[in-house]
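Visitor: I would enjoy a close look at a single part of this model. Please take your time over the helix packing.

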Amino acid sequence: VQVVLGPLFVLIGIFVGSGLSHLGLLLLGARQGFEATFRVFCFAQATALFQLVPFCGALVGLPYMVVLLVVGFSEVHAIGEGRAYAGLFLSIVTACCCVVTMAFAMGGIGALAGLASR
Amino acid sequence: VTAEIAGGATPPARRVPSLRFRASTDGLPLGAIFTGIGLLLGLAVVLLHLDRLPFAFCTFKALTGLPCMTCGTTRALGRLVALDPVGALLMNPLATLGGLVLVMWGVADLLLMTRGRALAVDVSPGLALGLRVTAVVLLLLNWLYLLAAGR
């Protein structure tokens with residue numbers, strides 16, 4: 001199921017993530033349209049390659065992705081890095097905490113269901 | 001004109017805050033895309049009964065016992081899909097209104113897509129500042145409502 005639906009979920013995740021980030025950046029004075037935020041978000045997903053390294057991959061990849069997002073947002077929207085970080089943080093705090101927790105919980109429930117079926 | 005005749009500098013044109021909708025030929029149909037994603041999420045909420053779980057997924061609520069700014073959104077989405085707009089509004093007014101605006105944007109995009117266009121919005125700088133302030137005030141008012149309603 002993941003092989004078939006995985007790309008769709010990734011696409012949805014990128015659109016939702018960049019949409020929320022763009023809303024946060026708009027509140028703080030972003031000057032470009034959604035496409036600019038979307039492009040930065042897509043480029044920053046390259047750090048997902050770090051996930052290939054077990055255990056410590058995410059510890060390196062996630063902070064590096066935040067750095068890339070902040071630098072990218074500040075460049076494309078011509079705002080300071082502080083504002084870019086605040087916009088990203090705002091979107092995560094106001095909207096993503098529930099979504100991320102839900103994603104982790106659903107993943108955990110799926111893993112438990114998989115273990116139980118063995 | 002008077003200033004030019006008098007030899008003085010031309011007074012700057014007064015900018016009126018404006019909001020303009022137009023059919024763009026080079027933009028993405030974002031309204032249709034996000035409405036589609038919203039419908040998929042709504043289906044997931046209804047099929048997996050995510051709005052009737054006996055526990056909360058919200059980290060903020062788990063840590064503080066208070067609802068966060070978006071608490072109730074999943075339940076509001078479930079009520080919207082079940083065609084209960086009043087229940088959705090009572091659950092989380094701002095998220096519901098945002099969802100309804102998104103649906104209207106999506107419908108407009110779908111209509112324009114038949115002509116290869118997408119809805120675009122131009123906001124003047126003066127109005128953009130006002131919209132930012134309004135958005136922050138609405139977020140805070142909505143959060144106060146959620147706190148009072150105990151979502």
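In what handedness of crossing does helix 1 of chain A pass helix 2 of chain A?

Guide: Happy to look with you, keeping in mind that this is a predicted model. Helix 1 of chain A goes past helix 2 of chain A in a right-handed crossing. On the helix 1 side, the residues in contact are I14(A), F15(A), G17(A), S18(A), G19(A), S21(A), H22(A) and L25(A). Helix 2 of chain A answers with F34(A), T37(A), F38(A), F41(A) and C42(A). Sorted by class, this contact holds 7 nonpolar and 6 polar residues, and no charged ones.

Now for the geometry of that pair. Helix 1 of chain A covers residues 2-27, and its axis lies 9 Å from that of helix 2 of chain A, at a packing angle of about 125°. An angle of that value makes helix 1 of chain A oblique to helix 2 of chain A, because it falls short of the cut-off of over 145 for roughly antiparallel.

Between these two helices runs a loop, and R31(A) sits in it. With a relative accessible area of 63%, R31(A) is exposed, because the cut-off for that class is over 50%. R31(A) still has partners from elsewhere in the sequence: leaving aside residues up to four places away, it touches H77(A) and A78(A). I79(A) is 48 residues from R31(A) along the chain, yet their C-alpha atoms are separated by 8.2 Å.

Helix 2 of chain A has a second packing partner, helix 3 of chain A. Helix 2 takes in residues 34-44 and helix 3 residues 57-76; their axes come within 9 Å and cross at roughly 155°. The two are therefore roughly antiparallel to each other. This crossing, too, is right-handed. From helix 2 of chain A, the contact draws on A36(A), T37(A), V40(A), F41(A) and A44(A). From helix 3 of chain A come M65(A), L68(A), L69(A), G72(A), F73(A) and V76(A). Here the classes are 9 nonpolar, 2 polar and no charged residues. If you follow individual side chains, T37(A) and F41(A) are listed both in the contact with helix 1 of chain A and in the contact with helix 3 of chain A.

The loop between helix 2 and helix 3 of chain A is where you will find F55(A). This phenylalanine counts as exposed, at 83% relative accessibility. Measuring from C-alpha to C-alpha, F55(A) is 25 Å from L11(A), with their positions 44 residues apart in sequence.

For a companion view, turn to chain B, where helix 2 (residues 30-47) and helix 6 (residues 93-113) pack with axes 7 Å apart at about 125°. Helix 2 of chain B and helix 6 of chain B are therefore oblique to each other, and the crossing is left-handed. Helix 2 of chain B contributes L30(B), G31(B), A32(B), F34(B) and T35(B) to the contact. Helix 6 of chain B contributes L102(B), V103(B), W105(B), G106(B), D109(B), L110(B) and M113(B). That contact comprises 8 nonpolar, 3 polar and 1 charged residues.

Methods: Residues numbered from 1 in each chain as written. Chains lettered and ligands numbered in written order. Predicted model: local features only at pLDDT ≥ 70, side-chain atom pairs only at ≥ 80, totals over all residues. Heavy atoms only, no water. Axes fitted to C-alpha atoms, helices over the stretch in contact; angles between N-to-C directions. Helix = DSSP H or I, 4+ residues; strand = E, 2+ residues; numbered from the N terminus. Parallel < 35°, antiparallel > 145°, perpendicular 65-115°, else oblique. Left-handed = near helix turned anticlockwise from the far one by under 90°. Contact = heavy atoms within 4.5 Å. Nonpolar A, V, L, I, M, F, W, Y, C, P; charged D, E, K, R; others polar. Buried < 20%, exposed > 50% of the residue type's maximum accessible area, 1.4 Å probe, protein only.
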